[in-house]
Each structure stands twice: as C-alpha cells, then as structure tokens.
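Visitor: I've got a structure open and I'd like to learn how to read it feature by feature. Can you walk me through it?

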Amino acid sequence: MSKNTDIMINEDNVFYAVAMRGMVAFPKMVMHFDIARKKSIKAIDYAIKNGGKIFLVAQKDSLVDDPKKSDLYKIGIVAEIRQILKMPDNKVIKLLVEGMYKASLTDITEKNGALVAKIKKLPTYSRIALEDSESEALLRSVKDVFEQYSSFFPRMPKEIIGNIMCQSSPVKLFEAIVFNSSLSYQDKQMLLEAGNILEKLSALLSCLVSEIEILKLERAISEQTQENIDKGQREYYLREQLRVIQSQLGEDEEEEYFEYLTKIMELKTTEENRDKLLKEADKLSKISSSSQEAFVIRNYLDTCLSLPWGKITKDKISIKKSEATLEKDHYGLKKVKERILEFLAVHSLNPEIKGQIICLVGPPGIGKTSIGRSIAKAMGRKYARVSLGGVRDEADIRGHRKTYVGAMPGRIITAMQQAGSSNPLILFDEIDKLCSDIKGDPSSAMLEVLDNEQNFAFRDHYIELPFDLSKAVFITTANTTSTIPQPLLDRMEVIELTSYTAEEKFHIAKKHLIPKQIKEHGLKASQLKIDDSAIHDIILHYTKEAGVRNLERFIASLCRKSAKKIASDEAKKVTIKSANLKDFLGIYKYLDDLKSDENQVGVVNGLAWTSVGGVLMPLEVLLLDKGKGNIEVTGSLGDVMKESAKIAVSYSRSVADKYNIDAEFYKNNDIHIHAPEGAVPKDGPSAGVTMSTALISALSGIPVKSNVAMTGEITLHGKVLPIGGLREKTMAAYKAGIETVIIPSLNKADIEEVDDVVKEKLNFIYAENIEQVLDNALDFSAEKSKETVIS
C-alpha cells in the first residue's frame, strides 16, 4: 500500500476509511461500535475535520491487524458520523454512524497515519422490473422463513417481529430483517454486494434457511444434553453441555487425548500393544469425560503407561563386592552364600541367561527374605517383594477383568510397576502358603510366571497385553516344600537353609542385633554392655527358635529397660551379665536338655532334629520281670519310632548269646521304652541305634557311658544307615557337654557342614554297624569289675 500525500480529501470520491472487524454496515442503517486501532482512530479524527463522513469496509479476516487492499472487501458504504465518545484512556473510541450509500473501493492509501480510500459510488438497489405475483411470492417466503427464524429468539421484541411481518415493500422488508438479525459478517457482506432487490431477498432467504438449520442443530444438542443428565446435578449438566459443544467444535478432550497419544507413541513396546492402547485412547475421546466408562478407560491407560515397557537396568555384578555384601548382611549360611555367588557369577558372564529360579527353603526367622534383598543389591537391580501368604484367588496373580467395578492388575504387574524396570529381582515370599478354593488355584497361575518358555508374553487379565517377564530374576521363599505343588516345585532350584546353631546366633546377636537395637533405642555403645555369658544364656534359656526374631525381641527388651534406667538417672551405664540377667528378663523360660550324668543301665543319650535346631533326647528302657513279652512304648512316639523299637527287640534276640542276654526274655519279661518330655511328639528312624543300645544295655546289665551320644537308623541285620540334621544334632551334643558322638559312617562327608568349634571339641566315631556302636557306647569295664567281685 503506497503512501500518497497528494490526494484531495474534500473530493466526493475520496474519504478516510476504517477497516471493520466482523461487522458490515448498510445504507440507512444506524449502528455503533468501538474503535481501538491507531489508524482507525486517526481516520475518525480526520473525517470529523473534513465533513464527518467516513468510508466503512469489512475485513475478509478479522484477525489481520494491519490490513492491505487485498485484505478488504471491494464493497463498503459511506457513513455519516453522528456521535463520538472517547474513553478516558484515549485508546478506545465509541462511535455512532448512519449509512448513506454503497460504494466500491478502487484504491486505498495511507495519509498522516490513517487509511484513505478512493471509491466509486454505487446505487443501493439496482433497478429491476418485478411482477406483482413474483414479488408477493418472494415476500411471503421471506416472511415465513423469518417467522421460523424468530422462533429461536424468544427475547426478540414482538414489535420488531410485527413490523417486519406487516411490511409490503420488498426494500423495507429486506432492511428491517437485515438490520435486526444476527447473521454472520460474511453473509451480510454478500447481501450488501448483491445488486437488485430480487437478488438481495433471494440471498437473504438462503441465509435465513441456513441459519435456521444451524439453530435447529444447536437446539438438538441442548435437548440431547438434557436427556443424558440428571436434572438435579447442576455441575454435571454444565460439564455435559460443555462436552457436547466441544464435540461439535471438534475440541472434545483434545488435550488429554493428545497427551495419551504422545505417551503411547513413546512406549518401547510392540505394534500390537501400541494399537490396542491407541484404540482405548480413541474410545476415551468419544465418550463423556465424567462417565463411568471414561473413568475405567483412564485408569486402564494410566496403568498400562506406568509399566516399565522396555526399561532395563544394567547389571553391575562384582563377585568380590557381592561376597562382602553377603558376609556383612548375613552370618553363617556358607553353603547358601556359595550357591548365590555361583548364581551371580553366571549372570555376570551371561546376562541373558534364563531359567534360574531359586527357592530358599527353611524355618522362619533365618533371613530368607533379607537374602533376596541382598541378591538384588549385589546385582544392581531394582527390587520388589510379593507376599503370597494366604493368597487364594487366581485374580490376585493375574488381575481382574477391567470391566469389573474396582478392577486392578495382579500382584505380578503391580510388582513390575513398583520396581520401575522390566528386569528387576522379584521375591515371591511364602510361596508354600498359597491356597486354592472355588475362586481358582493361584499356584497354577504361578506356573506361567516361573516358566521362561511362557512368561515372555505374560497376560494379566487387567491390562490384556503381553508383558515380557523373561528378563526378571525370580527368587522364592518357603518354610517347607511339602505344600508346594510338584509342577511348581519342578520349576525352581531348591536351596535348603538350616536353622541357626547357638554359636551362629551368638555371633549374629553380637555383630548385628545388639548394635542395631542400641541405635534404635537411642543409646550409645558406651551406655549398654551385654556380656558374652548373658548372650549365651538368652539364646539357651529364653529362646527356642530356628531364627533370631525372638532373640532380637529379648535384646530389645534389655535395651528398653536399660534406657529407662539411664533416662531416670538410676544409672549412667548398664552392664548385663549372666548373674543379673534374670533381673531384666525374669526366670528362665527353657531349661537345659535332659542328659544322663552318670553311666546307667538302659539309659542312652540320643540326638534329635527339630525345626528350631537339634536337641539331646535321652532314651530309657526298663526290663520288667514276670511279664508276658509285651512292649510298651511311651513319650508321644510316632509309628516309625515304634517300628524301630520292634527292630531293636528282634536284633537283641539275634545277639543274645554275645551279650549274655536271657534267650527267653521276649517271653518272660515286659519291656518299657520311654522318651522324656512326653508332651512333645517324636518320630523318625534316626533313634534306631539309640533304642538298640538302651535295650541291649537293659537286657545285659551293662551300663551306657554318659558322655556318649548317638544317632542313626538301624536295619534288621544291624547295619547303621545315614541320617539328616547332623549339623544341628552335633551342636546340641556340644551344648550339653557331650564328649563323644557316634554317627553313621555314611555321614562322614557331612562333617564338613558341622561348625568348626564343634569339630574341635567333640570326638566323632563313625559306625558301620550296631556292634561298633555298642563297643564304644557300653561301659564293659563296669561289667568286668562286677564279675571280679562275684568271683
């Protein structure tokens, strides 16, 4: 647009111009509007000084701030300024004008910072000859359509409607409708540009019909909204109405939809999974954001997007550091640590290895769960724990279908969410406590999880997408394998964790539990000292467990009582010894194992294994004269021990001559076999040699050495068979002050598992048959001295 300062403003075809946004003026039309653009304000100021006339022309695009000639329509009007009101800030002018005549824009320039238009005057209505019938038909059509149009505006004054309906002049009818309707500025510009009245009325009729269709659609939207909502829920009504309007505008939840779309496209997953999620997002965009279905889909998408698709942490395995970590966190458990280090070594050499699933089996409280945590720390992997104790519903493993109310993913997918990577270490705690009922068998669902041939595409019922579990490391824990289904057990490598010995408990208490509890109770190491003798007494006389949980509780009790003394200024330092331990913890809860203190006939120190460790189990045999050969067994003995008693009797009959036993004892005497602590059930074959030794001692009158203990199964021909629990049994013998322990020769290799202090203090005798047991257990010197006295 050129700047020309030579144009004469006082000429009839040159006027200052205002470009109008979204508005169209007509001849004879009085209208008011605001002006804020500087060029327009200057044009008004100059127009008032030059006769008060202004050229008004509409912009094609109302968003253009500095319009050129190409941005303006070619037809506008010359208007007379009737009133002007300047606002206090002088930035906005309120203007009242009246249209005079129509004109076409031939050129536009800029002068003194204002637009100047060169125009050509046009007739408002081109001349045309109308027949009366044609004119009447067009008038009626326009009036009928306007009547429909006005029905959509109940607030339109009735006087205006009446005036329009009474018009008989085509020109006046056109002007009355255009001046009082809310047509778009594009439609009004078209009406302004139309030539004769016939064209104008025909175009007006078309505009009104189109506007009526739009108004009908708006009413339909409103009615549809009204049907979908509860009249009493005002907030819901407003949201629903907004949703329908946004739907018509194509703006329905676009921001949320695109946010989901972006996240889905960024996922490192398969095309199948991505397509499924995209379909759910599309479905969400087409329904009400406040409906129940939208809530379900939104939760579903949030859950799926929170999963660690393709997120893998890099293993950082150092065997030396791992060994140091295990030694720091756990005392003892040499065999278990060695197997774990082997497991870590394989993973360090081949990170892609699959199928290694370890099941840690052992009594409660020995650190199975903490071992799993230590393995995760040693591998540098994320860690998640899944408790399976008491789980009886398959949906707990696989999740619920998302169509159910309150549906959620299963524990496996939840653990992956918590871990935040697709290759974490997941610990399945208490896998032996899985239950099954009418709701399904969760152990069957675990078969897929723990099978590397299947778990690469694990499908949770909630997410309904295959998720790769094959990169995860699974560790399980159990107290026993007897309750684990065989197909599930077959997928795991079982590592047995035995109970802690008293010596191990002592070191655990001294190195770990006592410093931990002192710190937790706000004490300092200088304020509380627990002597070694007191620690041993707590282990022997206040706890009877496989692990150290109760031991830790009693140590915590000592810390609390000591803290009370220190806080109340009763003492500045507390020392707990064996002598004053009862003042803190009360009387002993458990006494020492029963033990034969002198060589006696028919009394033997046996060794037994329990879930809380080994115990010394004396066995007594009494021979009753004038009997009928009955065998009485007491002490809550099980069927296997009763069978061992029968084997012992049969074997004693076979060696009666060798040990000077009455060959008719099984007819003339009753035999009573008893195991003390009758309230405690006892069973197992390892008491076979103990029963045979006690019976032969009772029948022959040869006493049994009190410093000897034994264990082993016996056959009918006197062979001694191997037994289990040797480590715990020998520890019980060591604690009881036994000097010699007789064990089966086939258990010689198991001596490596026995604690070093036990091997140093005890004398082990390896017996292949019962004769070797008797030779070392019976006190034949007492028999010889008896013969000498008789002679």
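Visitor: Let's start with side chains. Which side chain does that of Ser 686 make a polar contact with?
Guide: In this predicted model, the side chain of Ser 686 makes a polar contact with the side chain of Lys 729, at 3.3 Å.

Visitor: Where does Ser 686 sit, in terms of secondary structure?
Guide: Look in the loop between β19 (670–674) and α24 (688–700).

Visitor: Is Ser 686 buried or exposed?
Guide: The cut-off for buried is under 20% relative accessible area. Ser 686 has 15%, so it counts as buried. Leaving out residues up to four places away in sequence, Ser 686 touches Leu 607, Thr 711, Gly 712, Glu 713, Ile 723 and Lys 729.

Visitor: Okay, on to sheets. What holds strands together in general?
Guide: Strands of a sheet pair through backbone hydrogen bonds, and the pairing is either parallel or antiparallel. For a case here, take the open sheet of five strands, with the order β8-β9-β12-β7-β13 and parallel pairing. β8 (383–387) and β13 (493–496) are its edge strands, each pairing on one side only. From one strand to the next, the twist averages 20°.

Visitor: How many bridges join β7 to β13?
Guide: Four, with β7 (residues 358–361) running parallel to β13. One residue to click on is Cys 359, which stands opposite Val 494 in β13.

Visitor: Which helices lie across those strands?
Guide: Try α12 (residues 334–349): it lies across β7, β12 (473–478) and β13, and runs at about 145° to β13. Then there's α13 (residues 368–379), which lies across β7, β8, β9 (425–429) and β12, at about 175° to β9.

Visitor: Back to Cys 359 for a second. How many disulfides does the model have?
Guide: The test is a pair of cysteine sulfur atoms within 2.5 Å. By that rule the count is zero. For Cys 359, the nearest cysteine sulfur is that of Cys 435, 16 Å away, and Cys 359 is in no disulfide. Cys 359 has a relative accessible area of 0%, so it is buried. Cys 304 is also at 0% relative accessibility and counts as buried.

Visitor: What about β1? Which strands does it pair with?
Guide: Here you get both senses of pairing. Four bridges join β1 to β6 (residues 114–122), and these two run antiparallel. With β3 (residues 53–58), β1 pairs in the parallel sense, over four bridges. To see the pairs residue by residue, find Ala 17 opposite Leu 115 in β6, then Met 20, whose bridge partner in β3 is Ala 58.

Visitor: How many residues of β1 are buried?
Guide: Seven of the seven residues in β1 (residues 14–20) are buried, so the strand is largely enclosed by the rest of the structure.

Visitor: Now backbone torsions. What should I expect for phi?
Guide: Most residues other than glycine have a negative phi. Lys 28 is a case with a positive value, near 70°. Lys 28 is in the loop between β1 and β2 (30–35), and with a relative accessible area of 54% it is exposed. Glu 464 has a positive phi too, near 60°. Its loop lies between β10 (458–459) and β11 (466–467), and at 27% relative accessibility Glu 464 counts as partly exposed.

Visitor: I've also selected Pro 170. Which residues does it touch?
Guide: Not counting residues up to four places away in sequence, Pro 170 touches Ser 135, Leu 139, Ile 197 and Leu 201. Pro 170 is in helix α4 (residues 170–179), and it counts as buried at 16% relative accessibility. To get a feel for distances, draw a line from Pro 170 to Ala 656: their C-alpha atoms are separated by 144 Å, with the two positions 486 residues apart along the chain.

Visitor: Last one, confidence. What is the mean pLDDT of the chain?
Guide: The mean is 83, and 91% of the residues reach 70 or more. Over residues 2–7 the pLDDT stays under 50, and the model has 11 contacts beyond four places in sequence for that stretch. Residues 786–791 are also below 50, and that stretch has zero contacts beyond near neighbours in sequence.

Key:
Residues are numbered from 1 along each chain as its sequence is written. This is a predicted model: local features need pLDDT of at least 70, side-chain atom pairs count only at pLDDT 80 or more; totals for chains, interfaces and linings use all residues. Side-chain values use heavy atoms; hydrogens and water are left out. pLDDT is the predictor's confidence in each residue, from 0 to 100. Contact means heavy atoms within 4.5 Å. Buried means under 20% relative accessible area, exposed over 50%, partly exposed in between (1.4 Å probe, protein chains only). Two strands pair if DSSP finds at least two bridges between them. Axes are lines fitted to C-alpha atoms, for helices over the stretch in contact, and angles run from 0 to 180 degrees between N-to-C directions. A polar contact is a pair of N or O atoms within 3.5 Å; within protein, one must be able to donate a hydrogen and the other to accept it, and residues adjacent in sequence count only if both atoms are side-chain atoms.
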